[in-house]
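Work through the exercises below with the sequence and the model open side by side. Try each task before you read its solution.

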Amino acid sequence: MKKSVAPPELDLDRPKLDVKSIQRSLYNRLVYTIGKDPITATDRDWFFAAAAIVRERMIERWMETMRSYYDEDRKRVYYLSLEFLMGRTLTNSILNISADKEFESALAALGEMGLERLNIREMEPDAALGNGGLGRLAACFLDSMATMGVAGYGYGIRYEYGMFHQAIEGGQQEEHPDNWLRYGSPWEFPRPEVLYQVKFHGRVVDYPDAHGGRSYQWVDADDVMAMAYDYPVPGFDTGTVNNMRLWAAKASRDFDLGVFNEGNYIGAVERKNDSENLSKVLYPNDATEMGRELRLKQQYFFVSASLQDMIYRFLKSDLPMDQLPEKVAIQLNDTHPSIAVAELMRLLTDQYHLGWDNAWDITTRTFSYTNHTLMPEALETWPAGLFERVLPRHLQIIFEINHRFLKDVIHHYPNDPERWQRMSLIDEGHGKRIRMAHLAIVGSHKVNGVAAIHTRLMKETIFADFHALWPEKIVNMTNGVTPRRWLNQANPGLAELITGKLGKGWIKELDQLRALTPWANDAGFCAAFAQIKRENKQHLAHLVRLRVGIVLDPASLFDVQIKRIHEYKRQLLNMLHVITLYNRLRAGGDAPPRTVIFAGKAAPGYRMAKLIIRLIHDVAEVVNNDPLMRDRLKVVFIPNYDVSSAEIIIPAADLSEQISTAGTEASGTGNMKLALNGALTIGTLDGANVEIRDEVGPENIFIFGLTADEVTATVAAGYNPWVHYDHNPELNQVLNMIRDGYFSPGDRDRYKPVFDNLTYHGDHYLLLADYAAYVACQEKVAGAFQHPEEWVRMAIRNVAGMGKFSSDRTIAEYARTIWNVTPVPRPTR
């Protein structure tokens, strides 16, 4: 294959990274790129100028990286994810190209013009192309692949509107469009020449082929074009800059002039608008048939475009198609992209005319699948009728995959029809639905869980039949987070303190944090650590005052639960404790001052989650205005939780609430970020909490509640929440206050559904079963917080124990165990 080397006469001037060069570039970009006079330029203009010069300093590394992958014939890893929660890029990129001090000095000059560096950074909106942990994990993985030198690409959708902007009106969540592209993005590179056709609807015709078999053609289909937008992803302190490619939907025909000339002006652009709706909004509401169809179309749209793009790139190598798995590894991030299994089979058999067995061998050796949930109701399924209407050829392919797979199952288990039904890709018991997780498992050579307990439960519960059939297929890859963003960037004070003792090596080798352990007994280090935490809490208190008008006491215990609002995450259990503590304080009890901080979004159609948000606000209204509290207890909900908010909240947290029902949280990554920044964890033995306990030591974490096995046994024995309600007076009082309208005097029945869920409807997530243990554990937390010197030592031991939870370690395990690639770091130039 021809080497992709730029001719010498086209060598470019490499942008320099010294302060004067940056300042000169800053003014040049403001004037010649943004077109603004420095005298009239706004903060946003300066931000775009700053982004332009950072981008310039990444581009050459980016191009050299892409060339090197061709020249070295590297195997590529393609990460397919419907979500990428990237957050802001400016500061992260400056740190990753190791130019933070130079940029700080250059930007400081703007102070002479009355501009503040913070204001410039605040001009950048969060690229909120994700809903929570799933999308943030994908972003961490892209960072780690670039830092380690894995030839990795992210593929997703360029949503015009990201995750909704959350406003709180009268204590209730209101969703508003998140128009993150209102002013454009300085980080994206439109590629109008990179277009792929994606088809929907239509019908399938079959005809005999030259070899006596059948060929299939998908005809009379509607089509839409997928256009690429590229985003450079720089690694930290390396020459590698990888690529994230997002797809935007474009109409195959923009404008129907004939319809326009007939006077139907709306109809003239109707097809264009319908086509481009595909990339309009992250997660359309699937409560309607139209919403469900749009969501399925989104999934197929980005998968089809991505696979076509991968194959186009692979074919440049002049290798035969059966070598695809040697040069391409595709990771499915949850079930959303699992239609890729059927799509690759369609491309290989229908377009490239491979035989079924050969195509299936290529497919299964190429794909691997990450599962993120243990709850059967959360495993995605689609009605076969919807598939038949939207993706008729894929339904045929899935039926054929299932037919051949079940023949193998029946061969191994000839007298077990119930097992056949459980393992089938088609759920016949609920109106014939396609089980997308089963498609991903059958079509992948490896399937991984994301924490040790999660993987064990996958093998023992929801995927036990598949584990019995293929004992080597399911493996564990415990999640991790990038220390570049979640410590080096989010908590510069702590990062500097650590670097002063360990050097900078920990930023790329997080295991080095273990060397902090002896410093937990050094009085000077502990004092510096405590001061940094105090400053971070003051910063958060300032944010809270600006956003919600509540004044916080930084000396109080900052008790933090920040995550998507969902019943299994049990924000409601936290509230039961808040009300319990409130009752005790009103009765004359004593406890150290505590500020309970919530943040998170509820899915627009999730009524109970939205009711929990309202309950938090109503309880806060009562507690925060009760003169008997005297600031000993406050409750705060920070609206519109996003990556940038997390970067302020996490470094300020004293206590990290990780209290999901054991056996429901796959891993969690918020638990890792919070512990990495010196928060102590209160949690169940769920997800990665188990491994965090093992790493930091059981004496440095607060564990309570039923284990996953005990949850299973409790439910199997006929769990009765009324027993706890009847025999625990404090719990009885709390639930009655909620039921009887103590916190909603204007609407006494507002929270009756909450009470009913926890009693009459069975308390599905066992809040009442864990209540007493949780309250008792919170008493231990309060007691420990009253000994600040020991609390700080425990916090330092938590930081020291977090080396395992770097996403670099996770990616190294993927590379070795699943992708069969070797990272090749590139030196900086």
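**Exercise 1: Charged neighbours**

Task: take the salt bridge between aspartate 694 and arginine 693, and state how open each partner is.

Solution. Start with the distance. The two side chains meet at 3.4 Å, N to O. That satisfies the criterion for a salt bridge, a side-chain nitrogen of Lys or Arg within 4 Å of a carboxyl oxygen of Asp or Glu. Next, check accessibility. Buried means under 20% relative accessible area, exposed over 50%, and partly exposed in between (1.4 Å probe, protein chains only). Aspartate 694 has 51% and is exposed. Arginine 693 has 25% and is partly exposed.

Before going on, note the ground rules. This is a predicted model, where local features need pLDDT of at least 70 and side-chain atom pairs count only at pLDDT 80 or more, while totals for chains, interfaces and linings use all residues. Residues are numbered from 1 along each chain as its sequence is written, and side-chain values use heavy atoms, with hydrogens and water left out.

**Exercise 2: A second pair and a network**

Task: describe the salt bridge of aspartate 740 and arginine 739.

Solution. The N to O distance is 2.8 Å. Aspartate 740 is partly exposed at 41%. Arginine 739 is partly exposed too, at 26%. Elsewhere, shared partners build one salt-bridge network out of Arg191, Asp230, Arg245, Asp309 and Arg313.

**Exercise 3: A pair between helices**

Task: find which parts of the chain the salt bridge of aspartate 465 and arginine 419 links.

Solution. First the contact: the closest N and O atoms are 3.3 Å apart. Then the location. Aspartate 465 lies in helix 19 (residues 464-469) and arginine 419 in helix 16 (residues 417-423), distant parts of the chain, 46 residues apart. Helices here are DSSP runs (H or I, at least four residues) and strands likewise (E, at least two), numbered from the N terminus. Last, the surroundings. Aspartate 465 is buried at 14%, and arginine 419 is buried at 15%. In total, the structure holds 55 salt bridges.

**Exercise 4: The nonpolar core**

Task: which helix gives the most residues to the largest nonpolar core?

Solution. Define the set first: buried Ala, Val, Leu, Ile, Met, Phe, Trp, Tyr and Cys residues joined through side-chain atoms within 4.5 Å. The largest such core has 273 residues, and Phe387 and Phe702 are among those with the most contacts inside it. Helix 2 (residues 43-71) gives the most, with 13 residues.

Now list partners, where contact means heavy atoms within 4.5 Å. Leaving aside neighbours within four places in sequence, phenylalanine 387 contacts residues including Leu296, Trp382, His394 and Met436. Tryptophan 791 sits in helix 33 (residues 788-800) and is buried at 6%. Not counting residues up to four places away, tryptophan 791 touches Phe702 and Leu680, among others. The C-alpha atoms of tryptophan 791 and leucine 680 are 8.5 Å apart, across 111 residues of chain.

**Exercise 5: Strand 13**

Task: which strands pair with strand 13, and in what sense?

Solution. Pairing requires at least two DSSP bridges between two strands. Strand 12 (residues 328-333) pairs in the parallel sense over 4 bridges. Strand 17 (residues 446-449) also runs parallel to strand 13, through 3 bridges. Follow serine 368: glutamine 331 stands opposite it, and so does lysine 446 in strand 17. Finish with the side chains of strand 13 (residues 367-370). Phe367 and Tyr369 point one way, Ser368 and Thr370 the other, and all are buried.
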